[in-house]
Amino acid sequence: MRAATRPSPRLLPLSLASACLLLAPSGWAKQPPAPHSQWVYSGPGGALVYRQFKTGDRIVDFSYAGYMGGGVAIPSLPAKKTVNPSGGDDTAAIQQAIDQVSALPLTSGIRGAVLLAPGHFHCNQTLTIAASGVVLRGSGANESGTEIEMTGEPHLAFSITGKSSIVPAGAPIPVADAYIPAGAMSFTVRDASTLKAGDTIQIVRPVTPAWLHFMGMDALSRNDKKETWVSGELKTERRITAVKGNQLQLDVPLTDSYNAKYLGEGGTTVIKVNHTGQIEQTGIESLRLVAPAQKITLSQKQFTGLRMKGAVDSWVRNLSIVDTTEAVGIGEDTRRITVDNVNVTQSIPIQGAAKPADFAANGTQILFNHISGSGDSVFYVATGPREQGPNVVLNCVFHGNGHIQPHQRWATGMLVDNCQVPEGGIDLMNRGEMGSGHGWAMGWGVVWNSEAKSFLIQMPPGAANWSIGNRGEQLLESMPTFPHSTGAPTLPQGIIESQDKPVAPASLYLKQLSDRLGQQAVKNIGYERNSE
């Protein structure tokens, strides 16, 4: 169903509490002023001002996404080993070089890079980085650079994998606050005497029957078979920056709200943990990966590009990936990752209803910057289940009949900023009974100054999704059910603002980054200035 855009009925009085001082840049060419959002805009001092709900929820500060928490240039590691193409299978030679560099001592967190010379390599097995400070670097992703052809049986091309371990280091401590709003940088516990600045904590949210019912997720079924949306607990990790009485101050904002009305008094808890085994300062860069084109369903064996898990402060950049079924997966237990300038091309669409993801975010503080792709029947960018952001998709372009669409089971805190999907869609939605009960896939998400053929922006109970300054048709839909029901009520539309009229700042992420860390942080990630 097509929807006429309308102002949100949920607008509330402005709060200046989050404003901070920033001198406006000088020497810019004067442009006609763009309209600004009522939810976040530049205040009198130049810094962003955020509108809040009565509960204190607001658009999240997404600037913490990316390598080293945003605003830090990715280093170029010195080459320690060079591998030339052999004409035969090169898997063993490349892996041996990776292992040799991995055995070198760490110097300031760095070991070095394995450099692949220009030319055509063949690999029939996975190449694995499992140590910190190691990078696999080609000599360019163009025709005169480095190309790796995937051969043999379908397999994963690159694996960056740590051995993460999370061990409790104390007893659970109940949260004292009746409500913690999305975007919060602090909250209060009943007793903080065992906690201190520098501690790593998990914030543990119980999945209660009351919350499931409130979200409308307690009666999912597909073809008369019960489906489970989420169960057990939802956990997110933060580091304590200060303890003031029983108040804990955090390193990164929370991208979900916590309501004791549905989670129980003291139901949300905090537990100190020891988190070890993640690798860091690793990456894949500057090469072209080519797989045999396959006409398959998603359940069949497939060639896959890259998977990263158990890694922090790492990156994937300057890649061209051709005809892998899925390209880049930033998987579980990853944090502060940048994926930069990666292009994915699909020549044969997947068969069947289940679709692959070119780029998948299953961690937190992930920045997808200047990624692009072309292909049909695909999720260009998808999120996994039960993950809090902030995660950002910035200045990206995708062509074909595909979607940027959070995929399943309550991920929160995603910004789609200045992206173009002219033949496809951008969706923050309830996927209902799709899959095995994907349900509400995203809360506290924002689509900012983007363009698509269509947008489906829906309003979860007790949360919000925003569409601000976007160009494309806004849709209204009911929750997907199987078998498809007729006459089902349309789900509430999210907050639609300044439809077909881009707003200032031109980029929310870059302005937030400049506000928090200064203009040099924006330059460090390849932009000359922030966006006013």
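pLDDT is the predictor's confidence in each residue, on a scale from 0 to 100. The structure described here is a predicted model. Its chain has an average pLDDT of 92. A score of at least 70 is reached by 93% of the residues. Residues 1–31 stand under 50 throughout. For this stretch, the model has 59 contacts beyond four places in sequence.

The interior was then examined for enclosed space. Four cavities of 30 Å³ or more are present in the structure. The largest cavity has a volume of about 130 Å³. Its lining is made up of 15 residues. Nearest the centre of this cavity lie T324, T325, Q346, I348 and I350. By class, eight residues of the lining of the largest cavity are nonpolar, five are polar and two are charged.

The second largest cavity holds about 90 Å³ of space. It is lined by 13 residues. Those closest to its centre are L234, D256, Y258, R386 and Q388. Three strands each supply at least two residues of this lining: β14 (200–206), β17 (233–244) and β34 (411–417). The largest share comes from β17, with three residues. In the second largest cavity, the lining divides into five nonpolar, five charged and three polar residues.

Set side by side, the two linings read as follows. Around the largest cavity, the nonpolar class counts eight residues and the charged class two. Around the second largest cavity, the nonpolar and charged classes count five residues each.

Methods: Residues are numbered from 1 along each chain as its sequence is written. This is a predicted model: local features need pLDDT of at least 70, side-chain atom pairs count only at pLDDT 80 or more; totals for chains, interfaces and linings use all residues. Side-chain values use heavy atoms; hydrogens and water are left out. On a 1 Å grid over the protein atoms alone, a cavity is a set of points where a 1.4 Å probe fits but cannot get out, and a pocket is an open set with protein on both sides within 12 Å along at least five of seven lines; lining residues have an atom within 4 Å of a point. Grid points are joined across faces, edges and corners, and a volume is the space filled by probe spheres set on the points. Ala, Val, Leu, Ile, Met, Phe, Trp, Tyr, Cys and Pro count as nonpolar, Asp, Glu, Lys and Arg as charged, and the others, Gly among them, as polar. Helices (H or I, at least four residues) and strands (E, at least two) are DSSP runs, numbered from the N terminus. Contact means heavy atoms within 4.5 Å.
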